[in-house]
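Got your viewer open? Load the model, switch to a cartoon view, and let's take a walk through it.

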Amino acid sequence: MKTVITFGTFDVFHVGHLSIINRARELGDRLIVGVSSDIMNISKKGRMPVYSQRERMAIISGLKSVDGVFLEQSLALKAEYISKYHADILVMGDDWLGHFDAFSTLCEVVYLPRTPSISTTSIIEVVKSM
């Protein structure tokens, strides 16, 4: 049984999020998703997410392709999460290309292309301008 792990904020859930989650699931038998904590999102992006970590975790756990969800507290703990969940494959969007290659000693690292022309940031900007 192959376990796939991926991580993300998944704020303002959109088709790009759904696509990467479904494509990640196709690579294995089980998909575990780490959802970034609110505090982690503030440190990475300089803002609170639109939806709370509890709401974002509920959205992700409600997807049929997801077998487990946990709260990601820190980027520095990625290796621990990979080990804890016995991940065989780490999947990240290609906007992170090369950033997680060091984990290739723990598992296979796969970067999937992002869905073109869609991002949470651009959606938020469009909504703010209305």
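## First stop: an arginine and its partner

Select Arg114, which counts as partly exposed at 40% relative accessibility. (Buried is under 20% relative accessible area, exposed is over 50%, and partly exposed falls in between, with a 1.4 Å probe and protein chains only.) Now add Asp95, also partly exposed, with a relative accessible area of 41%. Arg114 and Asp95 form a salt bridge, and their closest N and O atoms are 2.9 Å apart. Arg114 sits in the loop between β5 and α5 (120-128) and Asp95 in the loop between β4 and β5, so the pair ties together parts that are 19 residues apart in sequence. The term salt bridge here means a side-chain nitrogen of Lys or Arg within 4 Å of a carboxyl oxygen of Asp or Glu. Side chains of opposite charge can pair when their charged atoms come close.

Before moving on, a word on what you are looking at. This is a predicted model, where local features need pLDDT of at least 70 and side-chain atom pairs count only at pLDDT 80 or more, while totals for chains, interfaces and linings use all residues. Residues are numbered from 1 along each chain as its sequence is written, and side-chain values use heavy atoms, leaving out hydrogens and water.

## Next: two more salt bridges

How many salt bridges does the structure hold? There are five, and here are two more to click on.

Show the side chains of Arg47 and Asp11, which meet in a salt bridge at 3.4 Å, N to O. This pair links distant parts of the chain: Arg47 is in the loop between α2 (38-45) and α3 (53-61), Asp11 is in the loop between β1 (3-8) and α1 (15-25), and they are 36 residues apart. Is Asp11 buried or exposed? Asp11 is buried, with a relative accessible area of 2%, whereas Arg47 is partly exposed at 24%.

Then pick Arg25 and Asp67, another salt bridge, with the closest N and O atoms 3.2 Å apart. Arg25 belongs to helix α1 and Asp67 to the loop between α3 and β3, so you are linking distant parts of the chain, 42 residues apart. Arg25 is partly exposed at 23% relative accessibility, and Asp67 is partly exposed at 43%.## Now the sheet

Hide the side chains and color the strands. In which order do the strands line up? The five strands form an open sheet in the order β3-β2-β1-β4-β5, with parallel pairing. At the edges are β3 (68-72) and β5 (108-112), each pairing on one side only. From one strand to the next, the twist averages 25°. (Axes are lines fitted to C-alpha atoms, for helices over the stretch in contact, and angles run from 0 to 180 degrees between N-to-C directions.)

Zoom in on β4 (residues 89-93), which pairs with β5 in the parallel sense over five bridges. (Two strands pair if DSSP finds at least two bridges between them.) Click Met92 and you'll find Tyr111 of β5 opposite; click Val91 and its bridge partner in β5 is Val110. Four of the five residues of β5 are buried, so this strand is largely enclosed by the rest of the structure.

## Last stop: zoom out

Show everything again. The protein chain has five helices and five strands, following the pattern β-α-β-α-α-β-α-β-β-α along the sequence. (Helices, H or I with at least four residues, and strands, E with at least two, are DSSP runs numbered from the N terminus.) Of the 130 residues in the protein chain, 43% are buried.
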